[in-house]
Structures are given as C-alpha cells and as structure tokens.
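Student: Can we walk through this structure together, one question at a time?
Tutor: Sure, pull it up and fire away.

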Amino acid sequence: MAAPAPPARVVVLVVLDAARARSFSCYGYARETTRRIDGLARGALLFDNAFSPAPYTRAAIVHLREPHFPYDPPPPFRNRFGVPTLLPPEAGLDPDWIPSLNRRGGPSPDEAADLARLYDANLAFADDVVGRLRDRLAAAGLWAETALIVTADHGEALGEHGFAGHNEQVYDESTRIPLIVRRPGREAWLAAGPKRVDALASLLDLAPTVAGLFGLPPEVATRAGFRGRSLIAPDFAEGGERTLMTRSAGDLPAFALRDHRMTLIVSSKGQAQLFDRQADPGETRDLAAAQPELLQRQLDALAAHRAALGRATETDEPRPSPRTQEALRALGYLR
Ligand SMILES: [Zn+2]
C-alpha cells in the first residue's frame, strides 16, 4: 500500500473555459490535443463522469479563456489539425459566426469538422499554457509540494444536437468537463497513466477537495457547508445513488438530471428526453417514449432536486453562503 500523499503547500486550480472532456486526448479523443495535461494526469485522479452545474461562465481563480470562442490560437497551433477549408478565415474571430450557424439549425457536418479543427487547435494552445505553468512552478522549486487541479467551467457543442457554442444546452458535450486532481508526491511521476474514477463528480466538489489537499480534516469542509464531496476522500466513489443537476442560462432554462447511468433532459420548452449513457454516451437516442415509467421516475427526481435547492438557486446562479465564502477566503480560494 502506497504512503498517503502529503498535504500540499500550493494548490493550483486551473479552470479552462468551454473545454469539453470528449476533446481531450486523455479522455480518449483521437487527436493529441492535450499532450501536457495527459502528462500531468499520470498518477493523478481522472474523473470520467464530471459535470458542470451550469453550461455558462462563472468566476474562477486561475481562469484560462481558452479554448473558449474566438478560436484564434497563435502560431504554431492554428493549423495543427489542418487548415479549415469551408469557413472564411475570419470566421474563427467573428462573434456572430456561431450564433449565425445556430440560427440556421447548427453547422453542417463539414462546417462542424472545420469548427473542431479550430477548437482543437485552441485547446492544444491552452494545454501548452498549462504545461508552461507547471514548468514555472518546477523552476521555482515548488512543484514537489504542489497539488494541481485541471478542470473547466462547462463544455462546448461543435455541432452535436444541431448546436454550436454553449449556454443553452445541457447535453454531454455542453456539460461534461475534464476533471484531473494531481496530488504531490512520488507516486504521481512514477505512474504510467491516470487513475480513472467512474463515479459522478461535480464542480461543487472542488471546494471540499481543495480543503482536503491542504490537509484540512473533512469536518472542516462539512462545517463550512460545502454541498460537494472531497474528490480525494478514500470513500468518494462509494457515495451510492448520487444525482447531478445542470441548469442552462436564461429565463426559460433547460435542465439535465444525471444518475450513474441515465440522463434526463427537459428542454426550455418542457420537452423531456431520456438517455442511457452506458449504451449511448453521446446522448443521441431518446428512450422517453419507450420507457414511460422510468421517465416519470426521473421527472419526479428532477422535481425533488429543484425543490430541495429552493427558489433562490432557481433564479440565481448558486453562490456560496457568507460562511462558506469566509472559509474559502481562509483557504486562499477567494480573495
Ligand atoms: Zn465559460
């Protein structure tokens, strides 16, 4: 049995903007978009089923705009995965370009392929920035005592479900995010690959995780009123029947409720869809009509979830309580 990882002296939380898990090479993508992050994931915990509670941007600590639109990486990244052929060169910069694609029902397959080329290049650029951040910490002699978390605020659609961009949809591509937690210690750099965790994880888990990385006992996180669970707790994966809700932006939001296997989507127009992620990870084959009883149970679960969260979080994005903010400040998580 390996010795427990020592507490970190430095915890670096990198939040990429609009980085979908499925486009990272360490999450199985065919292109090598994230060579440096793949290396940092060695010996780290890699959460395969991490979701954002909201498909839009919120404030974060080390927030990297990339790979968020505009997809305009500098050389030599720009044409790394091929030169876009169908799109005008300025398309990657024009703020109305993605809305214009959506107004006519989303990108065509060829446009989506070009979109992915630019997005992947921008992600490779973001990956390089993360790699250089690691190099700076190493040069400063801090790396051995640094814990690193790499994640994203939400995902990005590149033509899936007839949509490009984020904010409005809550399907996998818009909400499933990378989540990698690398603890300090020898084990990390000796390992061949990441330790993959299948259990559902959420951005709500970050605050108690940061507390745990600094070596604070779990009671501290509990007292601070964090809603999530520490990702480094030995019993994290044994949490049982967890469900995660995602709510889109807007006055008429779309909702997703995910358990370990099923996804319920309720669109802004109230239309319900049901997906089995085990058989259909991309959430493309709607089972709502075929499984009315299961659909009803999931709808009831969503209603219970919303009721439990209360009206305040229905109309506002979730905000930590003053007591939690104080605890976060004490951890250096907030200024
Ligand atoms: Zn964002």
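Student: In the hairpin of E11 and E12, which residue takes a positive phi near 90 degrees?
Tutor: Keep in mind that this is a predicted model. Strands E11 (residues 262–266) and E12 (residues 272–276) pair in the antiparallel sense over 5 bridges. There are 5 residues between the strands of this hairpin, and the one with a positive phi near 90 degrees is Gly-270.

Student: And which residue in E12 is the bridge partner of Thr-263?
Tutor: Thr-263 falls within the 262–266 range of E11, which pairs with E12. Its bridge partner in E12 is Phe-275.

Student: Which helix gives the most residues to the largest nonpolar core?
Tutor: That core has 76 residues, and Ile-37, Ile-149, Val-150 and Ile-180 touch the most other members. The helix giving the most to this core spans residues 109–139 and supplies 10 residues, and that's H3.

Student: What does Ile-149 touch, leaving out residues up to four places away in sequence?
Tutor: Ile-149 is one of the core residues that touch the most other members. With those sequence neighbours not counted, its contacts are Leu-13, Val-14, Ile-180, Val-181 and Leu-206.

Student: Leu-206 is in H6 too, so how many residues of H6 are buried?
Tutor: H6 covers residues 206–213 and is mostly covered. Buried here needs 20 or more other C-beta atoms within 10 Å of a residue's own. Leu-206, Pro-208 and Gly-212 are among those that qualify, and the count for H6 is 8 of 8.

Conventions
Residues are numbered from 1 along each chain as its sequence is written. This is a predicted model: local features need pLDDT of at least 70, side-chain atom pairs count only at pLDDT 80 or more; totals for chains, interfaces and linings use all residues. Two strands pair if DSSP finds at least two bridges between them. Helices (H or I, at least four residues) and strands (E, at least two) are DSSP runs, numbered from the N terminus. A nonpolar core is a set of buried Ala, Val, Leu, Ile, Met, Phe, Trp, Tyr and Cys residues joined through C-beta atoms within 7 Å. A residue is buried if 20 or more other C-beta atoms lie within 10 Å of its own, exposed if 12 or fewer, and partly exposed in between; C-beta atoms are placed from the backbone. Two residues are in contact if their C-beta atoms, placed from the backbone, lie within 7 Å.
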